[in-house]
Amino acid sequence: MITDQDIERAAKKNRMPTVAELARVPVPAAPRLDALPQPLTQRRIDLGAIAKGYEAMGQPAPGAATINEAPALLVFVSFSMPDATLARLVDQAARARATLVLRGLVDGSLQKTVLRAQALIGQRKVGFQIDPQAFDRFSISATPTFVLLKAGAVAAPCAAGTCFPASSFVAAAGDVSIDYALEYFRRTAPSFSRDAGVVLAALKKGQP
C-alpha cells in the first residue's frame with residue numbers, strides 16, 4: 001500500500017526543474033537545411049527535341065517542295081528490337097549522322113518514350129525522331145529498315161506529310177549494321193553508290 005509519505009519522497013526525488021534551472025539549459029541550434037543531404041540532380045529531359053518528329057522531316061508549307069541537299073540515312077527502329085541491336089545502331093548512327101525514326105510512343109507515354117530513348121542514347125549526339133507518317137511514307141513494315149535518300153531529292157506535300165519519288169531513295173530491311181547496309185546499297189544500287197559512299201565516309205571518319 002502506497003502511503004502519503006511514499007508519494008512525498010517520490011515527489012522530492014523527481015521534482016520538476018524550476019524556471020531558473022530551465023533557463024540555464026542551452027538551447028540546441030536549429031538544423032541547417034543547406035547541410036542536409038540533397039537528392040541527386042536529375043538530368044533534364046528535352047521533351048521538345050524528342051517530339052519533333054514531324055518537323056525533323058522538313059514538312060513544307062502547302063504547295064511547297066523540299067530539296068534534300070545532302071544524302072541522308074534514316075534508320076527505322078522499334079524499342080521491341082533487341083537491346084544489342086539498338087545499341088549498335090545508335091552508336092553507328094551518331095557517327096554516320098544518321099537519324100533514328102520511331103513509329104510511336106512507349107505505352108502511349110511521351111515521358112516513358114523519352115526516358116527509354118535517353119537510356120539508349122546516353123551522351124551520344126544522334127538524330128532521333130518520332131514520326132509515324134514516315135513509316136507510311138517509305139512503306140516500312142519491319143525494323144530495322146535503312147532508307148538512303150539521294151542528294152538533291154525533291155519532296156512534295158502528300159497525305160503522309162512529304163513524299164519523295166521512288167527513284168530518289170533506296171531501302172533495305174534486316175538485322176545488320178549501318179555500314180553493311182551502306183555497302184549493300186553500293187553493290188546493288190549503282191545510282192546510289194556515291195550517296196552511300198558519302199554517308200559511309202562520315203561513319204568511318206567518326207570512328208574512335
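Helices (H or I, at least four residues) and strands (E, at least two) are DSSP runs, numbered from the N terminus. The model is predicted, so that local features need pLDDT of at least 70 and side-chain atom pairs count only at pLDDT 80 or more, while totals for chains, interfaces and linings use all residues. Residues are numbered from 1 along each chain as its sequence is written, and side-chain values use heavy atoms, with hydrogens and water left out.

**Figure 1. Overview of the protein, with its nine helices and eight strands.** Of the 208 residues in the protein, 36% are buried, where buried means under 20% relative accessible area, exposed means over 50% and partly exposed lies in between (1.4 Å probe, protein chains only). Among contacts (heavy atoms within 4.5 Å) between residues at least 6 apart in sequence, 76% join residues at least 24 apart.

**Figure 2. Close-up of the loop between helix H7 and strand S5, with Ser 139 and Pro 144.** Ser 139, placed in the loop between H7 and S5, has a positive phi of about 55 degrees although it is not a glycine. With a relative accessible area of 62%, Ser 139 is exposed. Pro 144 is found in the loop between H7 (132-137) and S5, but it counts as buried at 4% relative accessibility. The peptide bond from Thr 143 to Pro 144 is cis, with omega near -5 degrees. Most residues other than glycine have a negative phi, and most peptide bonds are trans. Leaving aside neighbours within four places in sequence, Pro 144 is in contact with Phe 76, Met 81, Leu 89, Ala 172, Ala 173, Gly 174 and Asp 175. One of these partners, Leu 89, is 55 residues from Pro 144 along the chain, and the C-alpha atoms of the two are separated by 9.1 Å.

**Figure 3. Close-up of the packing of helix H8 on helix H9.** Two packed helices are described by the angle between their axes and the distance between the axes. The axes are lines fitted to C-alpha atoms, for helices over the stretch in contact, and the angles run from 0 to 180 degrees between N-to-C directions. H8 (residues 178-188) and H9 (residues 193-205) pack at an angle of about 155 degrees, with their axes 8 Å apart. That angle makes H8 roughly antiparallel to H9, on a scale where angles under 35 degrees count as roughly parallel, over 145 as roughly antiparallel, 65 to 115 as roughly perpendicular and the rest as oblique. H8 passes H9 in a left-handed crossing, a term used if the near helix is turned anticlockwise from the far one by less than a right angle, with right-handed used if clockwise. On the H8 side, Ile 178, Asp 179, Leu 182, Glu 183, Phe 185 and Arg 186 take part, and they meet Ser 193, Ala 196, Gly 197, Val 199, Leu 200, Leu 203 and Lys 204 in H9. The residues of this contact of H8 with H9 divide into seven nonpolar, two polar and four charged, where Ala, Val, Leu, Ile, Met, Phe, Trp, Tyr, Cys and Pro count as nonpolar, Asp, Glu, Lys and Arg as charged, and the others, Gly among them, as polar.

**Figure 4. Close-up of the buried residues of helix H8.** Ile 178, Ala 181, Leu 182 and Phe 185 are the buried residues of H8. They cover an arc of only 100 degrees around the axis, which puts them on the same side of H8, the arc being that of the directions from the helix axis to the C-beta atoms. These buried residues pack against strand S2 (72-77), helix H5 (83-96), strand S5 (145-149), strand S8 (169-173) and H9.

**Figure 5. Close-up of helix H5, its contact with helix H6, and the residues Asp 91, Gln 92 and Arg 97.** The axes of H5 and H6 (residues 110-121) come within 9 Å and cross at roughly 70 degrees, and the two helices are therefore roughly perpendicular to each other. Asp 83, Leu 86, Ala 87 and Val 90 of H5 make this contact with Arg 116, Leu 120 and Ile 121 of H6. The residues of the contact divide into five nonpolar, no polar and two charged. Gln 92, also in H5, is buried, with a relative accessible area of 8%. Not counting residues up to four places away in sequence, Gln 92 touches Ser 177, Ile 178, Asp 179 and Leu 203. Asp 91, likewise in H5, counts as partly exposed at 29% relative accessibility. The C-alpha atoms of Asp 91 and Leu 203 are separated by 9.9 Å, although the residues are 112 apart along the chain. Arg 97, in the loop between H5 and strand S3 (99-102), is exposed, with a relative accessible area of 66%. Phi of Arg 97 is near 55 degrees, a positive value in a residue other than glycine.
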